[in-house]
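Take a look at the sequence and the structure below. The paragraphs that follow go from single residues to the whole chain.

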Amino acid sequence: MADEHQAPAEPQRRSALQGHYLTGDFGWLVDGVPGIELSERRDLAIVHIDAWFDKHGEVHHALRDDFDLTPPEKLRAVELGQRAILSVGPNRWLVVEKESRDLFAAVRKSIPEDWAAVTDQGHSRVCWRLEGPALRQVLSKGSTLDFDTFGDGDCVGTILGHFTVTIHGRGPSGADIYCARSFAPDLHHWLVEASLEYGLRVTDPV
């Protein structure tokens, strides 16, 4: 008989796309080359920071000094290794990195409550990484943004299909797309359908 006082096992993270995420080649691949490669980015730590108006400078310096990245302005994003800081609005940022520590605690240690509101978003967001020459065509199917001028380091909140997303441009033909967990299965199917005519390769989660 199990010890009734035994501590419960640590819960394991479960992808919102479980049961929906199928790897392989889909649609029309020209000479076996996909127009889009898609992968889910799993096990991400994500923290949202909303700086009080009169504490913007303090938060900016804290992020720069403690996280080795200068927080971007005007809807841009910066990266260093596995860490990124995304500007998602005036005095607002997302800090994203692979889950290896308590990121919320690290941010809160650097940024006290009287400087900013800090919220753990790691379990409430899903992120896809898309790469390929058809990236702009796929995104243009669901948004009115001009993706011809959207490039490396750009970051914008928009509607993609029927879903509110944050898109972070990476390199000449790549992007990370963040969406609320509750909408993730539907957005995933939308991304797959939108990519089929260009040839889609869904790879293992990263």
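Is Leu191 buried or exposed? The model is a predicted one, and in it Leu191 has a relative accessibility of 0%. Buried means under 20% relative accessible area, so Leu191 counts as buried. This residue belongs to helix 4, which covers residues 184-195. Beyond the residues up to four places away in sequence, Leu191 touches Leu38, Trp128, Leu130, Leu160 and Ile177. Val138 lies 53 residues from Leu191 along the chain, yet 7.8 Å separates the C-alpha atoms of the two.

A second residue to look at is Ser39, in strand 2 (residues 36-41). Its relative accessibility is 7%, so Ser39 also counts as buried. Setting aside neighbours within four places in sequence, the contacts of Ser39 are Tyr21, Cys127, Trp128, Arg129, Thr203, Asp204 and Val206. Trp128 is thus on the contact lists of both Ser39 and Leu191.

Helix 2 shows how buried residues can be arranged around a helix. It runs over residues 103-110, and Leu103, Ala106, Val107 and Ser110 in it are buried. These four lie on the same side of helix 2, because the arc that they cover around the axis is only 95°. An α-helix has 3.6 residues a turn, so residues three or four places apart point the same way. What do the buried residues of helix 2 pack against? Their partners are helix 1 (56-67) and three strands: strand 3 (44-51), strand 6 (92-98) and strand 7 (116-120).

Now for the whole protein. How many helices and strands does it have? There are four helices and twelve strands. The radius of gyration is 19 Å, and the globule rule gives 17 Å for 206 residues; the two values are close, so the protein is as compact as a globular protein of that length. The C-alpha trace spans about 60 × 55 × 30 Å along the principal axes.

Of the 206 residues, 46% are buried. Among contacts with a separation of 6 or more, 66% are between residues 24 or more positions apart. The accessible surface comes to about 11000 Å², and carbon and sulfur atoms account for 51% of that surface. As for charges, the protein has 21 positive and 32 negative ones, and the mean positions of the two sets are 2 Å apart.

Conventions. Residues are numbered from 1 along each chain as its sequence is written. This is a predicted model: local features need pLDDT of at least 70, side-chain atom pairs count only at pLDDT 80 or more; totals for chains, interfaces and linings use all residues. Side-chain values use heavy atoms; hydrogens and water are left out. Helices (H or I, at least four residues) and strands (E, at least two) are DSSP runs, numbered from the N terminus. The radius of gyration is taken over C-alpha atoms; the globule rule is 2.2 Å times the number of residues to the power 0.38. Buried means under 20% relative accessible area, exposed over 50%, partly exposed in between (1.4 Å probe, protein chains only). Contact means heavy atoms within 4.5 Å. Accessible areas come from the Shrake-Rupley method with a 1.4 Å probe; for residues, only the protein chains shown count as cover. Lys and Arg count as positive and Asp and Glu as negative; His and the chain ends are not counted. The place of a charge is taken as NZ of Lys, CZ of Arg, CG of Asp or CD of Glu. The arc is that of the directions from the helix axis to the C-beta atoms.
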